[in-house]
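Me: I am new to this structure and would like a close look at one part of it. Please keep the account plain and connect that part to its surroundings.

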Amino acid sequence: MNRRQRQKMIPSTWIIALKQTETHKYYALYAIDWKRGARLSWEGWNGIADLLQFHVPIKRKAGGTKSASQPASKIAKKALPLHLDETQYRELEQLFYQPFSKKQWRAFIKEHANNHM
């Protein structure tokens with residue numbers, strides 16, 4: 001995604017994915033903009049407290065000049081939690097890096113949305 005496209009991205013769906021392995025938990029935050037077919041991700045937290053302290057660098061308006069960030073704790077209120085095992089998490093990563101398909105994203109979210117953190 002080039003700089004101009006990033007400036008236009010306004011996420012409409014947020015996902016907090018928890019990958020549970022035998023030894024530890026791993027959190028990732030995903031943002032999806034259905035209108036523009038854009039998606040962003042931030043990964044690498046071992047605890048939910050660490051994730052909630054992160055400030056997400058997202059523009060508030062399309063083409064806006066303000067580059068203020070939002071705290072992930074605010075985003076977590078409206079985010080969809082997904083509790084995934086290693087296979088499901090790999091499927092999510094594949095979906096994330098494939099060409100954007102609303103149908104595939106909605107099917108994945110519908111299938112895994114019943115799992116709670």
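The reply looks at one strand, β3, and then at some other parts of the chain.

Reply: The model is predicted. A short outline of the protein helps to place the strand. The protein has five helices and six strands. Taken in sequence order, these elements give the pattern α-β-β-β-α-β-β-α-β-α-α. The protein has 117 residues, and 35% of them are buried. If contacts between residues at least 6 apart in sequence are considered, 52% of them join residues at least 24 apart.

Strand β3 covers residues 38-45. Two of its residues can be followed in some detail: Ser-41 and Trp-45.

How accessible is Ser-41? Its relative accessibility is 23%, so Ser-41 counts as partly exposed. Leaving out residues up to four places away in sequence, Ser-41 touches Leu-29, Tyr-30 and Phe-96. Ala-31 is 10 residues away from Ser-41 along the sequence, and the distance between their C-alpha atoms is 6.2 Å.

Trp-45 is also in β3. With 12% relative accessibility, Trp-45 is classed as buried, because that value falls under the 20% cut-off. Once neighbours within four places in sequence are set aside, the contacts of Trp-45 are Lys-25, Tyr-26, Tyr-27, Ala-28, Leu-29, Asp-50, Leu-51 and Phe-54. Tyr-27 is 18 residues from Trp-45 along the chain, yet the C-alpha atoms of the two are separated by 5.0 Å. Leu-29 is in contact with Trp-45 and is touched by Ser-41 as well.

One of the residues touched by Ser-41, Phe-96, leads to a pair of helices. Phe-96 belongs to α4 and takes part in the contact between α4 and α5. Helix α4 is made of residues 86-97 and helix α5 of residues 102-112. Their axes come within 11 Å and cross at roughly 160 degrees. An angle over 145 degrees counts as roughly antiparallel, so α4 and α5 are roughly antiparallel to each other. Their crossing is left-handed. On the α4 side the residues that meet the other helix are Gln-88, Glu-91, Leu-92, Leu-95 and Phe-96, while α5 supplies Gln-104, Trp-105, Phe-108 and His-112. By type, the residues of this contact are five nonpolar, three polar and one charged.

Back among the strands, β1 (13-20) is joined to β2 (25-33) by a loop that holds Thr-21. Thr-21 has a relative accessible area of 14% and is therefore buried. A polar atom of the Thr-21 side chain lies 2.8 Å from the backbone oxygen of His-24.

Strand β1 contains Ile-16. Is Ile-16 buried or exposed? Ile-16 counts as buried, at 6% relative accessibility. Between the C-alpha atoms of Ile-16 and Pro-81 there are 4.9 Å, although the two are 65 residues apart in sequence.

A further loop lies between β4 (55-56) and β5 (70-71), and Ile-58 is placed in it. Ile-58 is buried too, at 9% relative accessibility. Ile-58 and Pro-11 are separated by 47 residues in sequence and by 8.5 Å in space, taken from C-alpha to C-alpha.

To return to the strand: within β3, Ser-41 is partly exposed and Trp-45 is buried.

Key. Residues are numbered from 1 along each chain as its sequence is written. This is a predicted model: local features need pLDDT of at least 70, side-chain atom pairs count only at pLDDT 80 or more; totals for chains, interfaces and linings use all residues. Side-chain values use heavy atoms; hydrogens and water are left out. Helices (H or I, at least four residues) and strands (E, at least two) are DSSP runs, numbered from the N terminus. Buried means under 20% relative accessible area, exposed over 50%, partly exposed in between (1.4 Å probe, protein chains only). A polar contact is a pair of N or O atoms within 3.5 Å; within protein, one must be able to donate a hydrogen and the other to accept it, and residues adjacent in sequence count only if both atoms are side-chain atoms. Axes are lines fitted to C-alpha atoms, for helices over the stretch in contact, and angles run from 0 to 180 degrees between N-to-C directions. Angles under 35 degrees count as roughly parallel, over 145 as roughly antiparallel, 65 to 115 as roughly perpendicular and the rest as oblique. A crossing is left-handed if the near helix is turned anticlockwise from the far one by less than a right angle, and right-handed if clockwise. Contact means heavy atoms within 4.5 Å. Ala, Val, Leu, Ile, Met, Phe, Trp, Tyr, Cys and Pro count as nonpolar, Asp, Glu, Lys and Arg as charged, and the others, Gly among them, as polar.
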